[in-house]
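Let's take a walk through this one together. Keep the sequence and the 3D view side by side as you read.

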Amino acid sequence: MKKTKLLKVCVLILTALFSFASAGTVLAEETEATEERGSVLYDRTTLHGDYDSTSLDDDVIEEILNAGFSAPTGGNQRSIEFFVVTDRDMLDAIAVNPGHFDGASTAPLAIVICGNEDLAAFPELEEMDSGLAAMAMIIQATDLGISSCVMSISPQDERIDGISEILDLTENYLPILLVTFGYPAEDAVSSASVENYDSAQVHYNGLEEDYERQTEAETEARELAEGDVYTAAATGISSDVTVTIVVNDGEIVDCVIDASGETPDIGGVAAEEIEAQIIESKSLSFDTVSGATVTSDAIVTALEEITVEAGLE
C-alpha cells in the first residue's frame, strides 16, 4: 500500500479513538466547524440488507483489512485474525445462521474477526481488540463509499458454533464479531449522526460534579423573581437548551438560560451573555453571540414558544 494511504488510515483510526474515548471532546458551534465535523466518522451508513452484490476489488478489501490491522490491541498482543468471506455459498450460509446475519445474503463481503488463543497474551482483551479493529475497518470502508454492519458472534454459543462450522475453525479460534461490507443498492442514510449525542449520558469528573451542577441549577431556579414562570427548550449543538422567563404584570423580570450541556466556553458563555441582555433590557430581543450560532438559534426557538404562551409581543 502506498505510504500516503497508510498515513490516511492511521489518521482515520486516531479520529475514531479520540471520538469514542474522550467524553470531553469539544463540539464547535460555528457553522464552519459544524460543516467540518461532517467527516467520514459521521458519514457512516449501516445496512442490514439491500447491498449491491457487486464484488469488491481486491485492493479495496486490502485497504479495509489494513485498517483493521492498524487498530491498537490490548498489551499490543496482536492476536486477532480476520477471516474474509466472498464465496456466495458461504455468505448465504452465514445469512441463515442464528444471529440475524441476514445482510450477508446480499453483501459481497463479510469479515469475521476471531481471537486466536494460541497467540493471545491477554485473551480477556480480545473482545476489545475486535471492537477496535471493526470500527477501524468500518471507518475505512466509509471513506471508500462502502456501507457496513457489525454484528456480535461471541458470547452466544449458537452463533459461535454456527460460524465456526461454516469457516471450519479449529478450537483455538473464537469468532467474536462479523462485519458485512458492500455498496448500498440504493442511497443509504447516515446512521452515525451527531444527533445521537445525549448530554444526560456524559459525566464530567465523576457523578459528584453532576450532583453539584444539579444543585446549583435548582438553587438558581429557587432564586427567581416573583411572577408567572414560563419555560421552553430547544435543541442546541449537543444538548437541549432550556430557557425560563418570569413575567410580572406583563413585564419580564427575570430570565434563566440553562445551557450546561453545551460547550462551556462557547455555548455556555453565549447563554450567560444573552441571559444578562434579557434581564437588563426586560425584553426578549437580544444580540446573538458570535461563534455560538447553534446555541443562539436554540434560545430564539425557545423564546418564540414562550412569547406565544405568555402572550408577549
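Is D92 buried, partly exposed or exposed? At 33% relative accessibility, D92 counts as partly exposed; the scheme calls a residue buried under 20% relative accessible area, exposed over 50%, and partly exposed in between, with a 1.4 Å probe and protein chains only.

A word on ground rules before going on. This is a predicted model, in which local features need pLDDT of at least 70 and side-chain atom pairs count only at pLDDT 80 or more, while totals for chains, interfaces and linings use all residues. Residues are numbered from 1 along each chain as its sequence is written, and side-chain values use heavy atoms, with hydrogens and water left out.

Back to D92, then, and its partner. The side chain of D92 meets that of R88 in a salt bridge, 3.4 Å from N to O; the rule asks for a side-chain nitrogen of Lys or Arg within 4 Å of a carboxyl oxygen of Asp or Glu. Side chains of opposite charge can pair when their charged atoms come close. Both R88 and D92 sit in helix α4 (residues 88–96), 4 residues apart, or about one turn of the helix. R88 is partly exposed too, with a relative accessible area of 31%. By this rule the count comes to 1 salt bridge.

Now zoom out. The protein chain has 9 helices and 7 strands, taken as DSSP runs (H or I of at least four residues for helices, E of at least two for strands) and numbered from the N terminus. Of its 313 residues, 42% are buried. Contacts here mean heavy atoms within 4.5 Å, and among those with a separation of 6 or more, 71% join residues 24 or more positions apart.

Helix α6 (residues 157–167) is a good place to look at burial. Its buried residues are R159, I160, G162, I163, S164 and L167, and what covers them includes β1 (80–85), α4, β2 (109–116), β3 (147–152) and β4 (173–182). Right after α6 comes D168, whose phi is positive, near 55°.

What about the cysteines? C114 is buried at 0% relative accessibility, and C149 is buried at 4%. The structure holds 0 disulfides, a disulfide being a pair of cysteine sulfur atoms within 2.5 Å.

C114 also leads us to helix α5, where E126 lies. The C-alpha atoms of E126 and C114 are separated by 8.4 Å, with their positions 12 residues apart along the chain. E126 is buried, with a relative accessible area of 3%. Setting aside residues up to four places away in sequence, E126 touches Q77, S79, I80, G115, N116, A120 and I176.

Follow α5 (residues 126–143) to its packing with α3 (residues 58–70): the angle is about 145° and the axes are 7 Å apart. Axes are lines fitted to C-alpha atoms, for helices over the stretch in contact, and angles run from 0 to 180 degrees between N-to-C directions. On the α3 side the contact is made by E63, I64, L65, A67 and G68, and on the α5 side by A133, A136, M137, Q140 and A141.

Last stop: Y230, in strand β5 (residues 228–235). Y230 counts as buried at 16% relative accessibility. Beyond its neighbours within four places in sequence, Y230 is in contact with V243, T244, I245, V247, I306, E309 and A310. The C-alpha atoms of Y230 and L303 are separated by 9.5 Å, though the two are 73 residues apart along the chain.
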